Amino acid sequence: MGALGNGGFWWNFPAGEGRGDRCKRRRKCKSSSSDSINLREERGWPHFDFPVKQAAIAASLALTGDTIAQLRDRIFGRGRSQLDGDAKEASFWSNHDWLRSLRMASYGFLLYGPGSYAWYQLLDQCMPKQTFITLSTKVILNQIVLGPCVIAVIFAWNNLWLGKLSELPAKYQNDALPTLLYGFRFWIPVTILNFGIVPLPARVAFMSTGSIFWNFYLSSTMSR
């Protein structure tokens, strides 16, 4: 028993250390932790908490948009069934591409939600004043920076899930620029409303709601 120390090895404190010394040591550790946090803030190191709420909203709206797009394709598009009555209604969900829906939802949760929220925070920190110049700058930056990034990432995410990364350069060459130019006509008015009226915490949800309608075009482009 002597080998375990005084009363057991896991609570064996150094000789001469009392409760007061242990409290001082704990306070010193807490002080060191707070000092490191303050040092990190003073040096301007980025501190990013994953925006779960914005990510969940983006995922749910991306899932909604994809579901509506698939239903539209089956009703009006090339996937329209020749069945009638109950058989046609049952085929709606039996033919639903759930992997595609999961692909879009995961893109919204892991990439678009957190990424766009961080982007809007950055713009607001760099241009906090609401003037015509800052609004115009934000709209332009949103189109020439965020827009191409979103298209590049969603094309890559889609091809990664499909195991077709080798076809990604051709996908970019054929569809990326037309999709971006077509998106300017839709997203520029939406972006003006987003930066001019919508508060920062709701901007991801607002843009994701707009993406439901945009998804009609985007989903058909990715499925070519």
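Me: Why is Phe 50 called partly exposed?

Reply: This is a predicted model, and in it Phe 50 has a relative accessibility of 39%. Buried means under 20% and exposed means over 50%, with partly exposed in between, so at 39% Phe 50 gets the middle label. As for where it sits, Phe 50 is in the loop between α1 (19-42) and α2 (52-76).

Me: What makes Phe 50 part of a nonpolar patch on the surface?

Reply: A patch residue needs over 30% relative accessible area and no salt bridge, and Phe 50 has 39%. Its partners in the patch are Val 52, Phe 109, Leu 110, Leu 111 and Val 153. Together with Phe 50 they have about 470 Å² of accessible area. Helix α4 (residues 98-126) gives the largest share, three residues.

Me: How do you know that the chain is helical, and how much of the chain is buried?

Reply: The count is seven helices and zero strands, and from the N terminus on the order reads α-α-α-α-α-α-α. The chain has 224 residues, and 33% of them count as buried.

Me: What makes Arg 100 and Asp 66 a salt bridge?

Reply: The cut-off is a side-chain nitrogen of Lys or Arg within 4 Å of a carboxyl oxygen of Asp or Glu. For Arg 100 and Asp 66 the closest N and O atoms are 2.7 Å apart, so the pair passes. The two are in distant parts of the chain, 34 residues apart, with Arg 100 in helix α4 and Asp 66 in helix α2.

Me: Why do Arg 100 and Asp 66 count as buried?

Reply: Set both against the cut-off of under 20%. Arg 100 has 13% relative accessibility, so it is buried. Asp 66 has a relative accessible area of 1%, so it is buried too.

Me: How do α2 and α4 pack, and which kinds of residue make the contact?

Reply: Their axes are 7 Å apart, at an angle of about 140 degrees, and α2 passes α4 in a right-handed crossing. The contact residues split into 14 nonpolar, six polar and three charged. Leu 63 lies in helix α2, and its C-alpha is 5.7 Å from that of Ser 101, though the two are 38 residues apart in sequence. Leu 63 has 34% relative accessibility, so it counts as partly exposed.

Me: How many salt bridges are there in the whole structure, and what does the one between Asp 124 and Arg 203 tie together?

Reply: A search finds four. In the pair of Asp 124 and Arg 203, the closest N and O atoms are 3.1 Å apart. Asp 124 is in helix α4 and Arg 203 in helix α7 (residues 203-222), so the pair ties together parts that are 79 residues apart in sequence. Under 20% is the limit for buried: Asp 124 has 18%, so it is buried, and Arg 203, with 4%, is buried as well.

Me: What makes Lys 171 and Asp 175 a salt bridge, and where do they lie?

Reply: The limit is 4 Å, and their closest N and O atoms are 3.1 Å apart. Both lie in helix α6 (residues 168-196), four residues apart, which is about one turn of the helix. Both are buried.

Me: Which residues are joined into one network?

Reply: Asp 124, Lys 138 and Arg 203, through salt bridges that share partners.

Note on methods
Residues are numbered from 1 along each chain as its sequence is written. This is a predicted model: local features need pLDDT of at least 70, side-chain atom pairs count only at pLDDT 80 or more; totals for chains, interfaces and linings use all residues. Side-chain values use heavy atoms; hydrogens and water are left out. Patches are made of residues with over 30% relative accessible area and no salt bridge: like charges are joined within 9 Å, nonpolar side chains (Val, Leu, Ile, Met, Phe, Trp, Tyr) within 5 Å. Accessible areas come from the Shrake-Rupley method with a 1.4 Å probe; for residues, only the protein chains shown count as cover. Buried means under 20% relative accessible area, exposed over 50%, partly exposed in between (1.4 Å probe, protein chains only). Axes are lines fitted to C-alpha atoms, for helices over the stretch in contact, and angles run from 0 to 180 degrees between N-to-C directions. A crossing is left-handed if the near helix is turned anticlockwise from the far one by less than a right angle, and right-handed if clockwise. Ala, Val, Leu, Ile, Met, Phe, Trp, Tyr, Cys and Pro count as nonpolar, Asp, Glu, Lys and Arg as charged, and the others, Gly among them, as polar.
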